[in-house]
Amino acid sequence: MVLVALGWTIPSRQVAARATQARAQFSAALTAFLALVGLERQARGSPTEALEEASRISGAWPFRMIHAELIRSELAGQPPWDGLRELGERVGVGELTNLADIVAAAADGAAVFETLLAEARNLRNAELAEQQTKAGVVGEQLSLPAIVLAFGFIMLVLYPALTRF
């Protein structure tokens, strides 16, 4: 019974860890995608063209997923921002639904270049803060081994002096 529980728990935790890592990679790629959409939107007229051109730029898997979703929504006859919203909900990346809302506003005629760049900046800042938090946790975890190593070195230096007495 214990082996069955371990056989179920270990792989499910590994899958959950990989999913979390994939979401983080997707969010990091989305930061670049937001900036690209903003630049493409400024260069071209249509939000749909901006989304498609920005999704074609990179061969990374998040860009390919976004591009496939844009093509799927086009073939289904729905606006691309609805497809992005569905993709964001499906993969659990809320920032993609924010992008869909911003691009939907652009389709209504709103100027969204600054909004897209601000959203990309916010995502970069959030990612940087998360990385700094992780680095702080790892730094704290390394303090005990450093103390033990320093104590061992001090004992190595002091041992000959202590054994003479």
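1. A good place to start is Glu 69, which is buried at a relative accessible area of 5% (buried means under 20% relative accessible area, exposed over 50% and partly exposed in between, with a 1.4 Å probe and protein chains only). Please keep in mind that this is a predicted model, where local features need pLDDT of at least 70, side-chain atom pairs count only at pLDDT 80 or more, and totals for chains, interfaces and linings use all residues. Residues are numbered from 1 along each chain as its sequence is written, and side-chain values use heavy atoms, with hydrogens and water left out.

2. Glu 69 forms a salt bridge with Arg 90, with 3.0 Å between the closest N and O atoms (a salt bridge is a side-chain nitrogen of Lys or Arg within 4 Å of a carboxyl oxygen of Asp or Glu). This pair links distant parts of the chain, 21 residues apart: Glu 69 sits in helix H3 (residues 61–76) and Arg 90 in helix H4 (residues 80–91). Helices are DSSP runs of H or I, at least four residues, numbered from the N terminus. Arg 90 is exposed, at 54% relative accessibility.

3. You may like to look at the wider network here: salt bridges link Glu 69, Arg 72, Glu 86 and Arg 90. The whole structure has 8 salt bridges.

4. In helix H2 (residues 47–56), Glu 52 and Arg 56 are 4 residues apart, so about one helical turn separates them. Their salt bridge has its closest N and O atoms 3.6 Å apart. Glu 52 is buried at 19%, while Arg 56 is partly exposed at 47%.

5. Helix H6 (residues 113–141) holds both Glu 130 and Lys 134, 4 residues apart. Their side chains form a salt bridge at 3.4 Å, N to O, and Glu 130 is partly exposed at 43%.

Methods: Helices (H or I, at least four residues) and strands (E, at least two) are DSSP runs, numbered from the N terminus.
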